[in-house]
Amino acid sequence: MNNQKQEVYLKDWQSHEEHAELMLPMIGRLYRDHNVVTTVYGRSLVHSATIDILKAHRFARLILDNELTVRETFPVLEAMSKLDLAPARIDLGKLTVRYQAQGNCESVDDFVRRELAAVNTGRSPILDEPRDIVLYGFGRIGRLLARVLIEKSGSGEKLRLRAAVVRKGSTDDLVKRASLLRRDSVHGHFQGIITIDEEENAIIANGNMIRIIYADAPESVDYTRFGIHNAILIDNTGKWRDRDGLGRHLKTEGISKVILTAPGKGDIPNIVAGVNNELITQEEQLFSAASCTTNAIVPVLKTVNDRFGIVNGHVETCHSYTNDQNLIDNYHKNSRRGRSAPLNMVITETGAAKAVAKVIPELTGKLTGNAIRVPTPNVSLAILNLELTRATDVKELNGYLRNISLDSPLQNQIDFTNSPEVVSSDFVGSRHAGVIDSLATIVQGNRCVLYVWYDNEFGYSCQVVRMVQQMAGLDFPTIPN
């Protein structure tokens, strides 16, 4: 009997694997030829391996309370591939469940054609021409932004990463920059092929030519010399944070908008993608993407405040050490940060609590905050200790947050886990702004404590790219609604 079970399990797995392998070229063609992003309950299947497709389907059981298999979604994807689709985000999982719910009263081809009628209008670019993107700085965030932008280049009709501006470090600077993009000790190898073009002083990554431009000041670069026009520039240096300093980028030719990957000062709009996108206007040229911690906690705080109301609270972050700290004890202009980052927990300040008020004005003066730098290279944890306007319990609060993470306008920002085994390294590569650790949730009357994991490098970079997409006008229709 055991041998029979073994054969059943193996054949079942092989069948699933075969269907997933057959799905790969269809997913790829939809993306490259039509700019259609195929997902399963919010998990993108683009650039996925066979096992990634199977895992995305396995994830769906959290929503459905039963299995969704590739054998069920394959016919729906096959029907999608027969259509002449316009750019869109299409959730294959939700479409399949909707088809099953109607009792298969029509053919899968007819169902898919009817459901996708709004975008079955022929391939057409969303933008009149691709929007140029420039990275000013090519450090931790800059290189991760490059990875995400290259991954999202699709058929080349959307965003194009054209250049990275740096200070020249050595005679073999280009080779070293390419190597750092190719290999990452935390995030692993680049998914693709990277070469260099010494004549153009450029890195070629999956066919995307990224010029490496050497400059010491924003005003010294004429981007139009490189064919770059109307570009969105992302400043990853954090050197200039006010309107006068950041505005120096606009004094050169070729740049029309600037995003700062740090909290902005003064009246620069601080944007948390998905929460206050309405502040992204055509008239404004300078924006801040706030901090990684602000991006992690603001969607959760907004969600909780909308349903339960927040009287006051405290935010404590256990934040992985950063390049600003010393590897060994040495002089540092800031208190405590001079002590060895890999050997110590270091109490330091965070502006995240105050920054929340810039995004959610109704929480002004209601939150305090502090941070502890801890000896891990990536992934951080925010602890939200909140007093609510009404009493609740763990089941209600977790259930509400789970639903928000699965099917809401904030499902790209808030993720949810109910695993009893997860630790920080499990969230390396998370594309969400933050992940609710539901089994750690504490509720006592009208007080609650929420634990929010976040990849302070990659998750934040994904938030910045979402902001860029909004600024560029890349508003993909999402089906089903």
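# Close-up views of selected contacts

**View 1. Threonine 50 counts as buried, at 16% relative accessibility.** The model shown in this and the following views is predicted. Threonine 50 belongs to helix 2, which covers residues 50–59. When residues up to four places away in sequence are left out, threonine 50 touches Glu17, Ala20, Glu21 and Leu24. Its 16% falls under the 20% limit for a buried residue.

**View 2. Threonine 417, in strand 16, and its contacts.** Threonine 417 counts as buried because its relative accessibility is 12%, where the limit is 20%. Valine 435 lies 18 residues from threonine 417 along the chain, and the C-alpha atoms of the two are separated by 6.9 Å. Apart from neighbours within four places in sequence, threonine 417 is in contact with Val422, Phe427, Val435, Ile436, Asp437, Ser438 and Leu439. Val435 is thus one of the contacts of threonine 417. Another residue in that list, Phe427, returns in view 6 as part of a ring pair.

**View 3. Packing of helix 7 (residues 140–151) with helix 13 (residues 458–472).** Two packed helices are described by the angle between their axes and the distance between the axes. For helix 7 and helix 13 the angle is about 60° and the axes are 9 Å apart. That angle makes helix 7 oblique to helix 13. The crossing of helix 7 with helix 13 is right-handed. On the helix 7 side, the residues in contact are Ile141, Leu144, Leu145, Val148 and Leu149; these meet Phe458, Tyr460, Ser461, Cys462, Val464 and Val465 in helix 13. By class, the contact between helix 7 and helix 13 holds ten nonpolar residues, one polar residue and no charged residues.

**View 4. Packing of helix 7 with helix 8 (residues 173–182).** The axes of helix 7 and helix 8 are 10 Å apart and meet at an angle of about 65°. Helix 7 is therefore roughly perpendicular to helix 8, as angles from 65 to 115 degrees are put in that class. Helix 7 passes helix 8 in a right-handed crossing. Arg143, Ala146 and Arg147 are the helix 7 residues here, and Leu180, Leu181 and Arg182 are those of helix 8. The contact between helix 7 and helix 8 divides into three nonpolar residues, three charged residues and no polar residues.

**View 5. The aromatic pair of phenylalanine 308 and tyrosine 400.** With ring centres required to lie within 6.5 Å, the count comes to four aromatic pairs. In this one, the ring centres of phenylalanine 308 and tyrosine 400 are 5.7 Å apart and the ring planes stand at 80°, so the pair is edge-to-face. The pair links distant parts of the chain, 92 residues apart: phenylalanine 308 is in helix 10 (residues 292–308) and tyrosine 400 is in helix 12 (residues 394–406). Phenylalanine 308 counts as buried at 1% relative accessibility. Tyrosine 400 also counts as buried, at 13%.

**View 6. The aromatic pair of phenylalanine 427 and tryptophan 453.** The two ring centres are 5.3 Å apart and the ring planes are at 15°, so the pair is stacked. Phenylalanine 427 sits in the loop between strand 16 (414–417) and strand 17 (434–437), whereas tryptophan 453 is in strand 19 (residues 447–454); the pair therefore ties together parts that are 26 residues apart in sequence. Phenylalanine 427 counts as buried, with a relative accessibility of 7%. Tryptophan 453 counts as buried at 13%.

**View 7. The cis peptide bond between isoleucine 479 and proline 480.** Omega of this bond is about -5°. Proline 480 is placed in the segment after strand 20 (478–479).

**View 8. Asparagine 206, a residue other than glycine with positive phi.** Phi of asparagine 206 is near 50°. Asparagine 206 is located in the loop between strand 7 (202–205) and strand 8 (208–214). With a relative accessible area of 41%, asparagine 206 is partly exposed.

**View 9. Asparagine 230, with a positive phi near 50°.** The loop between strand 8 and strand 9 (231–235) holds asparagine 230. Asparagine 230 counts as partly exposed, at 42% relative accessibility.

Methods: Residues are numbered from 1 along each chain as its sequence is written. This is a predicted model: local features need pLDDT of at least 70, side-chain atom pairs count only at pLDDT 80 or more; totals for chains, interfaces and linings use all residues. Side-chain values use heavy atoms; hydrogens and water are left out. Axes are lines fitted to C-alpha atoms, for helices over the stretch in contact, and angles run from 0 to 180 degrees between N-to-C directions. Helices (H or I, at least four residues) and strands (E, at least two) are DSSP runs, numbered from the N terminus. Angles under 35 degrees count as roughly parallel, over 145 as roughly antiparallel, 65 to 115 as roughly perpendicular and the rest as oblique. A crossing is left-handed if the near helix is turned anticlockwise from the far one by less than a right angle, and right-handed if clockwise. Contact means heavy atoms within 4.5 Å. Ala, Val, Leu, Ile, Met, Phe, Trp, Tyr, Cys and Pro count as nonpolar, Asp, Glu, Lys and Arg as charged, and the others, Gly among them, as polar. Rings of Phe, Tyr and Trp (its six-membered ring) pair if their centres lie within 6.5 Å; planes under 30 degrees apart count as stacked, over 60 as edge-to-face and the rest as tilted. Buried means under 20% relative accessible area, exposed over 50%, partly exposed in between (1.4 Å probe, protein chains only).
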